[in-house]
Amino acid sequence: MRSWTSTAGNENGTTKLREPLTDEEMERFEGYAAAIFSRMGMDLATPGARETPRRWVTALWDMTEGYDGDSKISTLFPVECPDCPDEEKTQRVEGPIRFTGLCEHHVLPIRGNAWVGYLAEAKLIGVSKLTRIVRLYATRFTSQERICHQIADELAKDVQPRGVIVYIEAEHFCTQARGVRELSSRTGALVTRGAYNTNPQLGEEFRLLIGRHSTLSPAA
Ligand SMILES: [Zn+2]
């Protein structure tokens with residue numbers, strides 16, 4: 001029995017956390033957006049901007065679709081060699097998984113890549129499901145660290161592996177487009193669980209496998 005467990009609550013990736021907007025809400029939110037944009041200088045009477053408040057509310061809804069859950073993340077397979085000794089079980093690594101999220105501090109995009117590794121015990125998860133898990137938790141109002149933890153928790157819960165590691169490298173539009181306007185720096189966040197905390201060789205292997213290369217667009 002593993003001595004570490006997921007810190008997540010009852011919520012899992014398939015949980016739907018919101019209902020669709022009603023027509024009344026859509027109209028009201030469109031009105032809020034129109035008031036803000038016009039006060040900031042937008043001319044809502046022009047053909048290009050007339051529908052912008054509605055488009056913006058819809059875009060924000062789409063960019064937070066992680067709250068709708070994902071029913072397709074739970075495809076599991078047995079490992080090839082369930083009777084192999086622990087040290088011979090394989091480390092699976094997937095990435096870079098590209099994502100765009102929204103920082104909850106400024107509601108501006110966080111764009112980056114995630115690498116996810118785990119040491120299987122008895123089950124493997126379908127490769128495309130890892131992409132789904134990353135995007136499920138990225139497309140919310142969130143932070144880079146929280147995305148890392150939620151991915152690790154989801155994997156711990158679904159796959160029950162011997163260990164999980166998640167590395168995310170991202171650029172934050174809130175530091176690029178405002179404030180210090182820093183264009184070149186990237187932020188890294190790493191979360192490890194289980195065997196990755198007790199066996200440094202696993203982390204080394206993971207680092208070699210992902211190459212620590214950035215595939216983000218070069219800074220202007
Ligand atoms: Zn921010």
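## Report on the fold, core and backbone exceptions of a predicted chain

The secondary structure of this chain amounts to seven helices and seven strands, and the model that shows them is predicted. Read from the N terminus, the elements follow the order α-α-β-β-β-β-α-β-α-β-α-β-α-α. Of the 220 residues in the chain, 28% are buried. Where contacts join residues at least 6 apart in sequence, 74% of them link residues at least 24 apart.

### The nonpolar core and helix H4

The largest nonpolar core contains 34 residues, and those with the most contacts inside it are Ala114, Ile133, Val134, Ile151, Leu155, Val164 and Val166. Two or more residues of this core come from each of strand S2 (91-103), strand S3 (109-119), helix H3 (127-138), helix H4 (144-159), strand S6 (163-172), helix H6 (195-198) and helix H7 (200-210). H4 supplies the largest share, seven residues.

Helix H4 has 16 residues, and the distance from its first C-alpha to its last is 22 Å, close to the 22 Å expected at 1.5 Å a residue. Buried residues in H4 include Ile147, Cys148, Ile151, Ala152, Leu155, Ala156 and Val159. Polar residues are also found among the buried positions of H4, including Gln150, Asp153, Glu154 and Asp158. Ile151, apart from neighbours within four places in sequence, is in contact with Ala114, Val116, Ile133, Val134, Tyr137 and Val166. After H4 comes Gln160, with a positive phi near 45°.

### Backbone exceptions

Most residues other than glycine have a negative phi, and most peptide bonds are trans. Against that background, the table lists two loop residues with positive phi.

| Residue | Phi | Place | Other C-beta atoms within 10 Å |
|---|---|---|---|
| Val107 | near 55° | loop between S2 and S3 | 13 |
| Arg181 | near 50° | loop between helix H5 (173-176) and strand S7 (187-194) | 8 |

Val107 is partly exposed, because 13 other C-beta atoms lie within 10 Å, a count between the limit of 12 or fewer for an exposed residue and that of 20 or more for a buried one. Arg181 is exposed, because 8 other C-beta atoms lie within 10 Å, and the exposed class takes in counts of 12 or fewer. Neither residue is a glycine: the positive phi belongs to a valine at 107 and to an arginine at 181.

A further exception concerns the peptide bond from Gly95 to Pro96, which is cis, with omega near 0°. Pro96 lies in strand S2, one of the elements that give two or more residues to the core.

Technical notes
Residues numbered from 1 in each chain as written. Predicted model: local features only at pLDDT ≥ 70, side-chain atom pairs only at ≥ 80, totals over all residues. Helix = DSSP H or I, 4+ residues; strand = E, 2+ residues; numbered from the N terminus. Contact = placed C-beta atoms within 7 Å. Core = buried A, V, L, I, M, F, W, Y, C linked by C-beta atoms within 7 Å. Expected span 1.5 Å × (residues − 1).
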